[in-house]
Amino acid sequence: EKEGIVKSFLFLERTEPGFGLERLMQRHHKERHDQYVEKFILQYIDSLREEGKQGTADAYMSGLRSLLRFCSPRKIKFKDVDYVFITDYMHYLRARGVAENTVHMYLSNFRAVYNKARKQGIRVCGENPFAGLNVRRQETVKRALSKEEIALIASADLRRYPQLEAARDLFMFSFYCRGMSFVDVIRLKHDGIVRDTIFYTRSKTGQRLQIGLLPAMKEIIEKYRTSGPYIFPYIHGQSPRDAYTQYRYSLGTVNRYLKRLGTLLNIGIPLTTYVARHSWATIAKNEGIPISLISEGLGHTSEKTTQIY
């Protein structure tokens, strides 16, 4: 903001001799008051990246690109965003075959940014343009396996397919670790294991968790142990940005191999790293484990989230 005021000052000094501080502040206030949506969202994305929230930043960037395609070639200010604009954007997304849950995410994120701009004093439409919109997140297809299917995956002889074997081992490690998220699996460090306990912090929530180390988990760790700080050989960069890029690449690669593994073993649903998490939660529930304990094991901050699983 300070940089913007200085630029305005230098511009007015060149073009309008004799201007005063009052005119400078009026100009700056007007520019801030009538801010473009694109500029505001980009600034917000930068702040998310500075906080290390790369996944959230990418989600907002995806939504921004979609919004800019819809608006092109116009440049939209927040005061232009009314109910008609929002409903037209929603219909634009659906007409292009965008999945309903993606539509929900784009509009939810846009609403969050809109409310943030309003609270900062940026001029917006007189009425809430998001009021009365009928956009709901759809229930996703169940992605849980049975105990028998988990046992099939765990016992499969994959020595002829080393890449499928590595993907299987990560899948099973996640399952053994109470459905530990893939990002947390590959970010595990040697110093996070003390005696027979794994200590780690959930990337998504910052929650600190600990898990007892089972023999099957020890076997996988010894199989892939690296000489670097991370147990598994997927993250090599030092900076958070490098680590995030390598995580996203590894996630896509492992999921491709898991899908091939599922086909090889005739598993009824597409295998992904997330299936391990859902399967652990579902099997635990079927075994009579209380929802409160399952929620704690998954690292959820609310039992409502666990109920979705």
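This text walks through the enclosed spaces inside a predicted model. Residue numbers follow the chain as its sequence is written.

A search of the whole structure turns up two cavities of 30 Å³ or more. They are taken here in turn, beginning with the largest.

The largest cavity holds about 80 Å³ of space. To find it, look for the residues that line it: I41, Y60, G63, L64, L67, Y89, Y106, N109, F110 and V113. Two helices, α4 (54–71) and α6 (100–119), each supply at least two residues of this lining. In the chemical make-up of its walls, the largest cavity has eight nonpolar residues and two polar ones, with no charged residue in the lining. Glycine is counted as polar in this scheme, and G63 is among the lining residues.

The second largest cavity contains about 30 Å³ of space. Its lining consists of L170, F171, S174, M180, F182, V185 and T273. The elements that give two or more residues to this lining are α8 (162–176) and α9 (182–186). Of the elements involved, α8 gives the most, with three residues. Sorted by class, the lining of the second largest cavity comprises five nonpolar and two polar residues, and no charged ones.

To locate both spaces in the model, start from the helices. For the largest cavity, go to α4 and α6, and look for residues such as Y60 and F110, which are part of its lining. For the second largest cavity, go to α8 and α9, where the lining includes F171 and V185.

Conventions:
Residues numbered from 1 in each chain as written. Predicted model: local features only at pLDDT ≥ 70, side-chain atom pairs only at ≥ 80, totals over all residues. Heavy atoms only, no water. 1 Å grid on protein atoms, 1.4 Å probe; cavity = no way out; pocket = protein on both sides within 12 Å on 5 of 7 lines; lining within 4 Å. Points joined across faces, edges and corners; volume = space filled by probe spheres on them. Helix = DSSP H or I, 4+ residues; strand = E, 2+ residues; numbered from the N terminus.
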